[in-house]
Amino acid sequence: MNSLIKNLFFKNSPKIKAFAITRLHASEIEEKVYLKSGGQKLDITSTNSMICLDPFCMAAWVTKQDVDLIDHQTATVQFFKGAKLNADINVWLIEKIPATHGYLLLYRIKKVNNYQLNPLHRLVFFGYFLRSKTNTYYSRKVISALYSYPRSIIIVSYQDESYCNIFPMDIHGYIEEEDMYILGLRTTNVTLDKILEAKKVVVCDTNEVDINIVYDLGKHSSKSPASQDQLPFKTNESELFKFPIPDFTANYKEIEIIANKKMGYHMLMIGKVVNQKQFKSDPASLYHVGFLQFQKSNYKSIDGLF
């Protein structure tokens, strides 16, 4: 029965899952994200990020000039590819954090609408193929909407005298205008308290790494990370913090944590980039893209064991 339904609705998809994996250069991303509020529509493609999955929250950075043009309490985040609206999310403001050149707006997600494919495809996808006792129909719709924009996978590195952890994340964002980095780390991750105490962390791109190595790093990182001599790749030291840097990365950023806020299941950490190194021009990255969004894209799928 499962294969019959799959052939009826998603015949050309080898595996149906919440999101697909691809490797892209930033210039190859086809989607755009906008913040619509107070009669304004602001491009937040490069300044939006997820920050918590329970409850669902996201962040957007806007300039000082733009912040006065929008409704400070409610807004709609829209996900486009070309002229087509693929999803939208209604949000309400949690906090407005001032920065040097603008404001970081923290939003709680309320209502979500998905528009990819047709209503029957979406019903079968959310209600049948993604059915699970561990999440709700609503949560599946929100995840699909959030990943209507490709979310890059990074590698996070932390080390102290007696401890080391290198693990992947896709709940993060870089605000180039502020040299600000934001990370949403699960509160159950054993490394969280260490990062908050040291106020230091390094993030690296996933330019050339195999996706299965990335997922292997994530399997036990929250509770019992692999020791450095067990890693399937070589490492170098970061320039300032002396944290281990995987040899497959083309860029890394050393970040000083300047603020944090518990959002729910995730801790939001806000950091200032104090040093960065780029070894290759125009590096690529692994990305998660929502399954429905991926169906009409030109992206090439990468198989991963997750």
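Which residue takes a positive phi in the hairpin of S12 and S13? Asp-179 does, at a phi near 55°, in a hairpin with four residues between the strands. The model is predicted, so local features need pLDDT of at least 70 and side-chain atom pairs count only at pLDDT 80 or more, while totals for chains, interfaces and linings use all residues. Residues are numbered from 1 along each chain as its sequence is written, and side-chain values use heavy atoms, with hydrogens and water left out.

The two strands of that hairpin are S12 (residues 172-175) and S13 (residues 180-186), which pair in the antiparallel sense over four bridges. Strands here are DSSP runs of E with at least two residues, helices are runs of H or I with at least four, and both are numbered from the N terminus. Two strands count as paired if DSSP finds at least two bridges between them. Within this pair, His-172 stands opposite Leu-183 in S13.

The hairpin belongs to an open sheet of seven strands in the order S11-S10-S14-S17-S18-S13-S12, with antiparallel pairing. S11 and S12 are the edge strands, each pairing on one side only. From one strand to the next the twist averages 30°. Such angles run from 0 to 180 degrees between N-to-C directions, and the axes are lines fitted to C-alpha atoms, for helices over the stretch in contact. Elsewhere in this sheet, S14 (residues 200-204) and S17 (residues 251-262) are joined by five bridges in the antiparallel sense, and Val-203 stands opposite Lys-253 in S17.

A further open sheet has three strands in the order S1-S19-S9, again with antiparallel pairing. Strand S1 (19-25) and strand S9 (151-152) stand at its edges with a single partner strand each, so one side of each is left without a neighbour in the sheet. S1 pairs with S19 (residues 284-290) over seven bridges, and Ile-21 stands opposite His-288 in S19.

Helix H6 (residues 211-219) lies across S10 and S11, running at about 120° to S11. At the start of H6, a side-chain oxygen of Asp-210 reaches to within 2.8 Å of the backbone nitrogen of Asn-212. Its buried residues (under 20% relative accessible area with a 1.4 Å probe, protein chains only; exposed is over 50%, partly exposed in between) are Ile-211, Val-214, Tyr-215 and Leu-217. They cover an arc of only 155° around the axis, taken from the directions to the C-beta atoms, which puts them on the same side of H6. What covers the buried residues of H6 includes S1, S10, S11 and S19; contact means heavy atoms within 4.5 Å.

Another site is centred on Asn-114, which lies in strand S8 (residues 102-114) and is buried, with a relative accessible area of 5%. A polar atom of the Asn-114 side chain lies 3.1 Å from the backbone oxygen of Lys-141. Not counting residues up to four places away in sequence, Asn-114 touches several residues, including Arg-122, Phe-126 and Ala-145. Arg-122 and Phe-126 are among the buried residues of helix H3 (residues 119-129).

Ala-145 is found in helix H4 (residues 137-146) and is buried, with a relative accessible area of 0%. Leaving aside neighbours within four places in sequence, Ala-145 is in contact with Phe-79, Ala-87, Ile-89, Val-112 and Asn-114.

Note on methods
A polar contact is a pair of N or O atoms within 3.5 Å; within protein, one must be able to donate a hydrogen and the other to accept it, and residues adjacent in sequence count only if both atoms are side-chain atoms.
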